[in-house]
Structure formats: C-alpha cells, structure tokens
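Here are my notes for anyone opening this one up fresh. Take the points in order and keep the model on screen while you read.

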Amino acid sequence: MKFSILQQDLLPALSAVARSVGVHSTLPVLDNILLSAKGKNLKIAATNLEIGVIKNIPVEVDLEGEITIPAKTLVEIISGLTQTVVDFESEGENITVISGKFKAKINGISAGEFPAIPLSSETGISFPKKAFLTSSQILFASAVDEGRPVLTGVLTNVSNGELDFVATDGFRLAHRQLKLEDKSAQFKSLIPVRTFEEVLRIISEEEVEEVNIATSSDQNQAEFRLGKTIVSSRLIEGNFPAWEKIIPTAIVGRVLVDRDLFMKAIKLAAVFSKSEANIVSLVTKKDGLSLQSFAKELGSQENTVEANAEGEELQIAFNTKFLLDAISNIPTTQVSLEFSGALSATLIKPIGEEGLEFIIMPVRLS
C-alpha cells in the first residue's frame, strides 16, 4: 500500500475514528485503526465491537492495500506533524510514515484480523440534521447501570409523520418529538446512548445535511450515514417501557417560573442537601415557589422564587440532580411544572416550544 495525503485532511478524520477503538481490549487489533487505500479513496475505520466508525476521504493512491495501525500512536504522530503532505507506504505488517524530514516505521497488524463492521443493505429513513441534534436534550435520562440494558438505550420511533426520542432510567423520563414531512415513514429501534453521543459529535464537527438510519435485516444492527461517515452500532434487544403511560394526565397544580432563577435556587438548595440524599423540597404557593433543604450537620435553607401558581398548593420533594438535569436542558426562558400529587410524577416543559417534556418521580419525605 502506498498513498499521500495532506496532514490537515487526515487528522480530523483520524481523531474522530479513533474515539471508537476498543481501549485495552483482549483483541489487540481492536486497539488499531484500519487504513484501506483503493482507487482514489482512503477508508479509515475503527470498532470496539459495539460501535464501528468508517470515514472515506479522497487520496492519491499509488499502490492499493490495507493494514491496521495502533490508533494512539498514529494520532499522536499525525498531530505532531506540520500541515504538509504525509506519505504512507506499507510492507508486510509494517508501515512507514514520511513527512518532510520526519520518518517513522510503525509495527501494525494484518487487516485480515480486523473485524468486519456490519453494514445495512436497506435504504432506511432520513431526516434533517437539525431534527437529530435535538436528541441531545434527552440523553441524560438514560440509565448508566447495565443491570437493565433496555434502559441504557434511546427509543427512536418514526410513525405517522412524527419522530420520537425517548430515554428513561426508571426514575425519570425525557421525551422529544418532532414533526416530519414524510407521513409514510416507519422506523422503531432501541439504540445505545453511546451511539447517539458519537453520532452527535460527528454531525456537530462535519458538514452533514441529513441523517440516514437503516437497520440490518435481522434487526440487531443500525447504520447511520452521515455524509462521508458511516457509524454502525449494535441495537439493544428487549422491550422498552410503555412510556406513554408514565406521562401524567391528571394535573392538580401548575407553576410557571423563570428558568435561570429556578436553576440558581436549585443549586443553592443542593449545597444543603448533599449529605441528605440530594433532596430538595418544593412548596407551591400562590405568590411563589419555595425551595427547602437541610443537612443535620450543616443546617438548612429556604428560598422563595417568584412564580405564577395555580391549582392545589402542595409540598413535593425531588432529587436535586434530576431537577437540574431537566431544567438545564430547557431551551426557553420560562418553565412549566405540572403536578399530579405529592407522590406522583411531575411533568416539566418549556414555555414557548412544543415537543419537549421531562417527567420526574418525587421522593417520599420521611
């Protein structure tokens, strides 16, 4: 294999692909990046067996071939070079990198040992980049604990012209819905949150107009096509909770509050709740919203934020982290909190923007 490429063209692609290598894997080849030169194209790929990323960039190929190289070593070398032409030439399981007066010989592993990254033959569905970017508002609600794998994914559902992203960890739920022009498209998959995070990074770094998602015929792999980049991901098997039934419908009280003032008040309350399971108690009043928290050794605090309240006055307690996660993902200046009882789920929504909602389960006060 022999080809030449500009350092400034190679480095961004290399850095993006390198995020998906299998760090400290029992398979040494998973620590490597695949370089495959063919025609006028260089394919750069990496996988950790859960997520695989492939990038294609145009190059001057003198001799076709492929090899895998340690990702960390290659990224460090290319990062250290100046913006000039870099020449690559492989022989056996070694590759030589030359740039100006710099020359390095790197030990690689045969490309034959690199796992095939599953790709879909289906057409899939497409929607605008802007629509997919909104999924970032709900990812925080996915579970981190692998004990219930279905909760570590994001339900992605397209039906009747609506795109729904849903995430929950069993204590809170986040839902983002968008309208699509195509009313006939159908799609439903449970995609790992780590895949969403990687796709979001890629489309924020590159000029991508739309996102295309397709699943394999056996429905256990998803493929994202993002311009010249492909992300392949395993899908999560299992039944996602019936999330529609979790959304409160019997609202007994409602509060409208300024987002920034509310966030500051929650952060102040958190100072006194760290040693008490991060609990803050909200007391709704006609003229405001009171936040109370205490710690046996530290003391207590009470803070009233100006708010518009209607319906029943009640006291309800939450985990401060859950509240902050939801409020910090509200894109508008005003927030609506809709209560269905002191021990029932609370609905949090932005005022002035449709299609975004968060549900938090309260904490029982002793």
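1. Start with D325, which touches F140 and R172 once residues up to four places away in sequence are set aside. Keep in mind that this is a predicted model. D325 is found in helix α6, residues 320-328. The chain separates D325 from F140 by 185 residues, yet their C-alpha atoms are separated by 7.1 Å. Is D325 buried or exposed? D325 counts as buried because its relative accessible area is 16%, and the cut-off for buried is under 20%.

2. Now step back to the whole protein. It has six helices and 25 strands, and its C-alpha trace spans about 75 × 50 × 35 Å along the principal axes. Of the 366 residues, 52% are buried. As for the surface, the protein exposes about 17,800 Å², and carbon and sulfur atoms supply 50% of that.

3. A word on contacts and charges. If you take the contacts between residues at least 6 apart in sequence, 66% of them join residues at least 24 apart. The D325 and F140 pair from point 1, at 185 residues apart along the chain, fits that long-range picture. On charges, there are 35 positive and 47 negative ones, and the mean positions of the two sets are 2 Å apart.

4. Next, the inside. The largest nonpolar core has 96 residues, and L35, F88 and F132 are the members that touch the most others. What does F132 touch, beyond its neighbours within four places in sequence? The list is F127, F165, F196, V199, L200, I203, V211, I213 and F224. There is also a second, separate core of 14 residues, with A143, L190, L347 and I359 among them.

5. Helix α4, residues 193-205, is worth a look straight after F132. Its buried residues are V193, T195, F196, E198, V199, L200, I202 and I203. Among these, F196, V199, L200 and I203 also appear in the contact list of F132. The helix has 13 residues and reaches 19 Å from its first C-alpha to its last, close to the 18 Å expected at 1.5 Å a residue.

6. Helix α1, residues 7-18, gets the length check too. With 12 residues at 1.5 Å a residue, α1 should span 16 Å, and its end C-alpha atoms are 16 Å apart, so the two agree. The buried residues here are Q7, L10, L11, A13, L14, A16, V17 and A18.

7. Two loop residues deserve a glance for their backbone. L49 has a positive phi of about 80° although it is not a glycine. You will find L49 in the loop between β3 (41-47) and β4 (51-58), and it is exposed, with a relative accessible area of 52%. N160 is another residue other than glycine with a positive phi, in this case near 55°. N160 sits in the loop between β11 (153-159) and β12 (162-168), and it is exposed at a relative accessible area of 60%.

8. Being in a loop does not rule out being buried. S216 lies in the loop between β15 (210-215) and β16 (221-226), and it is buried, with a relative accessible area of 12%. Apart from neighbours within four places in sequence, S216 is in contact with S120 and Q221. For a sense of distance, the C-alpha atoms of S216 and A104 are separated by 40 Å, with their positions 112 residues apart along the chain.

9. I109 is another buried loop residue. I109 is found in the loop between β9 (102-107) and β10 (125-128), and at 19% relative accessibility it counts as buried, because the limit is under 20%. Leaving out residues up to four places away in sequence, I109 touches P28, V29, N32, I67, T68 and E93. I109 and F339 are 59 Å apart in space, C-alpha to C-alpha, and 230 residues apart in sequence.

10. Last, where is E146, and what does it touch? E146 lies in the loop between α3 (129-133) and β11. E146 is in contact with T152 and R194, leaving aside neighbours within four places in sequence. At 43% relative accessibility, E146 counts as partly exposed.

How values were computed
Residues numbered from 1 in each chain as written. Predicted model: local features only at pLDDT ≥ 70, side-chain atom pairs only at ≥ 80, totals over all residues. Heavy atoms only, no water. Helix = DSSP H or I, 4+ residues; strand = E, 2+ residues; numbered from the N terminus. Expected span 1.5 Å × (residues − 1). Buried < 20%, exposed > 50% of the residue type's maximum accessible area, 1.4 Å probe, protein only. Contact = heavy atoms within 4.5 Å. Areas by Shrake-Rupley, 256 points an atom, 1.4 Å probe, with all protein chains shown as cover. Lys, Arg positive; Asp, Glu negative; His and termini not counted. Charge placed at Lys NZ, Arg CZ, Asp CG, Glu CD. Core = buried A, V, L, I, M, F, W, Y, C linked by side-chain atoms within 4.5 Å.
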